[in-house]
Amino acid sequence: MTDTSTPRPRLFLLVLGITTLLLLGQALWFYLMGHYARILLPALLAPVMALAALLAATGRTPTRASAYLALICGFLLIAVELPDQSGHPTLWIGLPPILTLVLLPLGPAIFLNLALTPIWLALLGNGKADADLAATYLALVAVATLTLWDRLRQRMLLQATDPLERECTALTRTRLHERLIGEFERARLLERPLAVLVIHLPQLDMTREQFGDATRRTMLTTFCHSVHQDCRELDALGREDEAAFWLVLPDTTESGALLVQQRLQQTLEQVMLMDTGPLEVRLRMETPRPGEPRVSFLTRLQAMTQALAIG
């Protein structure tokens, strides 16, 4: 199942920073009010929360580690405060499950909420069993879980029906093949020309390892934007694999496709990226042969894609 509860990096980092400041402020407040016995917990948790913020800010460390650190800090704070709030259990009973569902993936969050149910109920009821309190807690866990699951389902549905790639504005491989097959059949039926440009980005294979995902996404975004600006509205750019793209050119003869290839080559070579320098591209053009079936044409395009990747 897709991990849907990993917080958005910037918002999560902002929340962690604010929480760190609040913990420091709470420790200072306890000191000024003379509650010296209560200073230790926020004073110890503030550096842990700062560490979580630091891990989230680096980008190379998984955000999951920051989420677990934040969850541990939240659980400790709630566990300390719950025994003093037993007079208002319904106000505090929702904090642990909601915090868990926000910070963890759905599966681990459900398991942790159910496993910790006796602990939270014991803290709220001062060690006494309360059937109404237990029913309220479990109902809240169920409702919150169903809400998050429905959000996950809606997101997966949108991703499944979205014709564009998640990383750039090119068509997905499935939609690209559907578009190419449609244009191929249309060209055969109306006896119109069709051409396809195969484009390979050799820098994309090493950009993630050397410069990270941000630079890689910038390269993809810049590439797609440059291609779309230099093409017609009826042309279709799609992503065939990790570093290969096909540009479908309906109603374009072989000579016209060669002109498009030359113009696009010049345009892309002028693109300068901050980390990697000039954008390197490899382009080849293909047109259907007379009487060639679409399966054979697709096979030739895929063979050319692999050949460009090898160099």
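**View 1. P105 sits in the loop between α5 and α6.** The model shown here is predicted. P105 has a relative accessibility of 10%, so this loop residue counts as buried. R64 makes a useful landmark for the view. In sequence, P105 and R64 are 41 residues apart. In space, their C-alpha atoms are 9.3 Å apart.

**View 2. The whole protein has 13 helices and 6 strands.** The protein contains 311 residues, and buried residues make up 41% of them. How far apart in sequence are the residues that contacts join? Take the contacts between residues at least 6 apart in sequence: 67% of these join residues at least 24 apart.

**View 3. Helix α3 spans 27 Å between its end C-alpha atoms.** The helix has 19 residues. At 1.5 Å a residue, a span of 27 Å is expected, so the model agrees with the expectation. Which residues of α3 are buried? They are T63, S66, A67, A70, L71, C73, G74, F75, I78 and E81.

**View 4. T63 belongs to helix α3.** Its relative accessibility is 18%, and the limit for buried is under 20%, so T63 counts as buried. A53 is 10 residues away from T63 in sequence. The C-alpha atoms of T63 and A53 are 9.4 Å apart.

**View 5. S66 is another residue of α3.** Is S66 buried or exposed? S66 counts as buried, because its relative accessibility is 0%. A polar atom of the S66 side chain lies 3.2 Å from the backbone nitrogen of A56. A56 is also among the contacts of S66 beyond four places in sequence. The others in that list are F12, L16, A52 and L55.

**View 6. The largest nonpolar core has 33 residues.** Nonpolar side chains tend to be buried together in soluble globular proteins. Which residues have the most contacts inside this core? They are L16 and W120. Seven helices each supply at least two residues of the core: α1 (9–33), α2 (40–58), α3 (63–81), α5 (95–103), α6 (106–115), α7 (117–124) and α8 (131–161). A second core is separate and has 28 residues. I199, V227, F245 and L279 are among its members.

**View 7. W120 touches F75, I78, A79, L82, P96 and Y137.** This list leaves out residues up to four places away in sequence. Two of these partners, F75 and I78, are buried residues of α3. W120 shares with L16 the distinction of having the most contacts inside the largest core. L16 also appears in the contacts of S66.

**View 8. Helices α10 and α11 cross at roughly 150°.** A pair of packed helices is described by the angle and the distance between the two axes. Helix α10 covers residues 204–211, and helix α11 covers residues 213–229. Their axes come within 7 Å. Which residues of the two helices meet? From α10 come L204, T207, R208 and F211. From α11 come D213, T215, R216, M219 and L220. By type, the contact residues are 4 nonpolar, 2 polar and 3 charged.

**View 9. R239 lies in strand β2.** The strand covers residues 236–239. With a relative accessible area of 4%, R239 is buried, because the limit is under 20%. What does the side chain of R239 reach at 2.8 Å? It reaches the backbone oxygen of E242. A polar contact of 2.8 Å also joins the side chains of R239 and E167.

**View 10. E191 has a positive phi, near 55°.** E191 is a residue other than glycine. Its place is in the loop between α9 (173–190) and β1 (194–200). E191 counts as exposed, because its relative accessibility is 72%.

**View 11. D251 has a positive phi, near 50°.** D251, too, is a residue other than glycine. The loop that holds D251 runs between β3 (244–250) and α12 (254–269). At 26% relative accessibility, D251 counts as partly exposed, since that value falls between 20% and 50%.

Technical notes:
Residues are numbered from 1 along each chain as its sequence is written. This is a predicted model: local features need pLDDT of at least 70, side-chain atom pairs count only at pLDDT 80 or more; totals for chains, interfaces and linings use all residues. Side-chain values use heavy atoms; hydrogens and water are left out. A nonpolar core is a set of buried Ala, Val, Leu, Ile, Met, Phe, Trp, Tyr and Cys residues joined through side-chain atoms within 4.5 Å. Buried means under 20% relative accessible area, exposed over 50%, partly exposed in between (1.4 Å probe, protein chains only). Helices (H or I, at least four residues) and strands (E, at least two) are DSSP runs, numbered from the N terminus. Contact means heavy atoms within 4.5 Å. Axes are lines fitted to C-alpha atoms, for helices over the stretch in contact, and angles run from 0 to 180 degrees between N-to-C directions. Ala, Val, Leu, Ile, Met, Phe, Trp, Tyr, Cys and Pro count as nonpolar, Asp, Glu, Lys and Arg as charged, and the others, Gly among them, as polar. The expected span of a helix is 1.5 Å times one less than its number of residues. A polar contact is a pair of N or O atoms within 3.5 Å; within protein, one must be able to donate a hydrogen and the other to accept it, and residues adjacent in sequence count only if both atoms are side-chain atoms.
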